[in-house]
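Got your viewer open? Let's take a short walk through this model, one selection at a time.

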Amino acid sequence: MLRERGLRLTPQRQLILEAVHELGHATPESVHNAVRERAAGVNITTVYRTLELLEELGLVNHTHLSHGSPTYHAAGEDQHVHLVCRTCGSIAEVDPVVMEPVTDRLLGERDFRVDVGHVSLFGVCGSCKEAE
């Protein structure tokens, strides 16, 4: 895909893409740490620019799971909704079908199509609720 757009598949781009696949939900910082273990010369700016490029190419997607950096995951994964625990920070994934009542209503009433892959719901997970 990179070559089709006149771009090269550099070792840094390959390492960054592999890190996103291996890490699952990966922040630019976690990708940078993983890549640095294999290639110490890759800086954080390169990671950010490469993640943006990979998203433009449709190879990765991002969502916001906190107030910090976006979280990236491989584009080939099934769409899912993120459940983020505000207490322990755990991230769970659920099938987007749980959002259908909301997405159907928004489509019908507002002609608005929700990008479910970017949906993150914040709350308290069962383990943390039991500990309260």
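**Stop one: a pair on one helix**

Start by selecting Arg105 and Glu109: these two form a salt bridge, with their closest N and O atoms 2.9 Å apart. Keep in mind as you look around that this is a predicted model. Now show the backbone too, and you'll see that both residues sit in helix α4 (residues 100–110). They are four residues apart, about one turn of the helix. Switch on a surface if you like: Arg105 and Glu109 are both exposed.

**Stop two: a little network**

How many salt bridges does a search of the whole structure find? The count is three, and you've just visited one of them, Arg105 with Glu109.

Next, select Arg38 and Glu18. They form a salt bridge too, and here the closest N and O atoms are 3.1 Å apart. This pair ties together distant parts of the chain: Arg38 is in the loop between α2 and α3, while Glu18 belongs to helix α1 (residues 11–23), 20 residues apart.

Keep Arg38 selected and add Glu22. Glu22 forms a salt bridge with Arg38, the closest N and O atoms being 3.9 Å apart. Once again distant parts of the chain are linked, since Glu22 is in helix α1 and Arg38 in the loop between α2 and α3, 16 residues apart. Put together, Glu18, Glu22 and Arg38 are linked in a network of salt bridges.

Are these three buried, exposed or partly exposed? Arg38 has a relative accessibility of 52%, so it counts as exposed, because the cut-off is over 50%. Glu22, at 60%, counts as exposed as well. Glu18 has 24%, so it counts as partly exposed.

**Stop three: two helices crossing**

Now select residues 28–36, which is helix α2, and residues 44–56, which is helix α3. Their axes come within 9 Å and cross at roughly 120 degrees. That angle makes α2 oblique to α3. Which hand does the crossing have? α2 passes α3 in a right-handed crossing.

To see where they touch, show the side chains of Pro28, Glu29, Val31 and His32 in α2. Then add their partners in α3: Ile44, Val47, Tyr48 and Leu51. Try coloring these residues by class: the contact of α2 with α3 has six nonpolar, one polar and one charged residues.

How values were computed:
Residues numbered from 1 in each chain as written. Predicted model: local features only at pLDDT ≥ 70, side-chain atom pairs only at ≥ 80, totals over all residues. Heavy atoms only, no water. Axes fitted to C-alpha atoms, helices over the stretch in contact; angles between N-to-C directions. Parallel < 35°, antiparallel > 145°, perpendicular 65-115°, else oblique. Left-handed = near helix turned anticlockwise from the far one by under 90°. Contact = heavy atoms within 4.5 Å. Nonpolar A, V, L, I, M, F, W, Y, C, P; charged D, E, K, R; others polar. Salt bridge = Lys/Arg side-chain N within 4 Å of Asp/Glu carboxyl O. Buried < 20%, exposed > 50% of the residue type's maximum accessible area, 1.4 Å probe, protein only.
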